[in-house]
Amino acid sequence: MPPEPTPAAPRASSRWGLVDVGAGAAVLLAVGGVLWSPKLSGAVATATGALQPVTVIVDVRGIPSADPEGLIAAAREEGKVSIVIRNQPHGTVRLKDLQRLQRRLVALQPDGSVVTAEDPNQALVGSLDARFVLEGQGRKTDGGVVFGNQNLKIGAPVELEGRNYRLNGSVSGLLLGQS
């Protein structure tokens with residue numbers, strides 16, 4: 001009897017199917033997401049020394065508060081605030097300093113001189129005007145200072161949040177490389 005022929009091995013198709021193309025695209029998107037992720041770019045910036053100390057000064061004005069002095073004391077005790085820049089959470093930064101700001105009244109005198117005085121109603125109304133000096137890490141770019149993956153400039157609205165408060169303010173000062 002002649003030997004039986006062995007079946008030929010199935011031939012591998014060199015054509016790409018729809019599932020193969022979809023799987024390849026998913027792998028490429030995953031690799032791109034890892035390479036461009038904010039956490040990885042922040043880690044790379046930290047490793048290369050691109051991050052520098054940044055001092056951000058935020059002014060809050062006219063915030064209604066039953067106990068403004070208690071709010072300031074609580075914020076100082078915490079020593080840190082969570083910051084939100086353009087509705088994007090940045091994280092927690094250190095509270096370097098917190099100063100109460102006094103409103104001033106201005107009056108023009110008949111002889112043309114200007115007289116200023118502290119507003120006596122500020123204590124009665126119960127509103128908070130304060131300057132938060134925050135400390136974090138950022139990097140210098142052509143468009144300004146990147147702080148928390150957000151380009152930050154003077155006048156930018158920010159939100160500061162602690163255990164017992166959430167305040168809206170605006171950036172009034174940026175110092176790069178100083179802490």
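R94 is partly exposed in this predicted model, its relative accessible area being 43%. The side chain of R94 forms a salt bridge with that of E135, the nitrogen-to-oxygen distance being 2.7 Å. Because R94 belongs to strand β3 (residues 88-100) and E135 to strand β6 (residues 127-141), the contact ties together parts that lie 41 residues apart in sequence. E135 has a relative accessibility of 17% and therefore counts as buried, since the limit for that class is under 20%. The contact thus pairs a partly exposed arginine with a buried glutamate. R94 and E135 also take part, together with K96, in a network of salt bridges.

The structure holds seven salt bridges, and two further examples involve strand β6. In one of them, the side chains of D59 and R131 meet with an N to O distance of 2.8 Å. This pair links distant parts of the chain, with D59 in strand β1 and R131 in strand β6, 72 residues apart. D59 is buried, at a relative accessible area of 10%, whereas R131 is partly exposed, at 27%.

In the other example, R103 and D129 are joined through their side chains, with 2.7 Å between N and O. R103 is placed in the loop between β3 and β4 (104-108), while D129 is part of strand β6; the two residues are 26 apart, and their contact again links distant parts of the chain. The relative accessibility of D129 is 1%, which means that this residue counts as buried. R103, by contrast, is partly exposed, with a relative accessibility of 30%. In this salt bridge, as in the one between D59 and R131, the acidic residue is buried and the arginine is partly exposed.

Strand β1, which carries D59, spans residues 52-64 and is joined to strand β10 (residues 166-176) by six bridges, the two strands running antiparallel. Within this pairing, T55 stands opposite L175 of β10. Strand β10 is also paired with strand β9 (residues 157-161), in the antiparallel sense and over five bridges. A hairpin of four residues provides the connection from β9 to β10, and L160 stands opposite L167 of β10.

Strand β9 has a second antiparallel partner in strand β2 (residues 80-85), with four bridges between them. Here the bridge partner of I83 is L160, the residue that also stands opposite L167 in β10. The two faces of β9 are distinguished by their coverage: V158 and L160 make up the covered face, whereas P157, E159 and E161 make up the uncovered one. L160 therefore belongs to the covered face of β9, and has I83 of the β2 pairing and L167 of β10 as its counterparts.

Conventions:
Residues numbered from 1 in each chain as written. Predicted model: local features only at pLDDT ≥ 70, side-chain atom pairs only at ≥ 80, totals over all residues. Heavy atoms only, no water. Pairing = 2+ DSSP bridges. Salt bridge = Lys/Arg side-chain N within 4 Å of Asp/Glu carboxyl O. Buried < 20%, exposed > 50% of the residue type's maximum accessible area, 1.4 Å probe, protein only.
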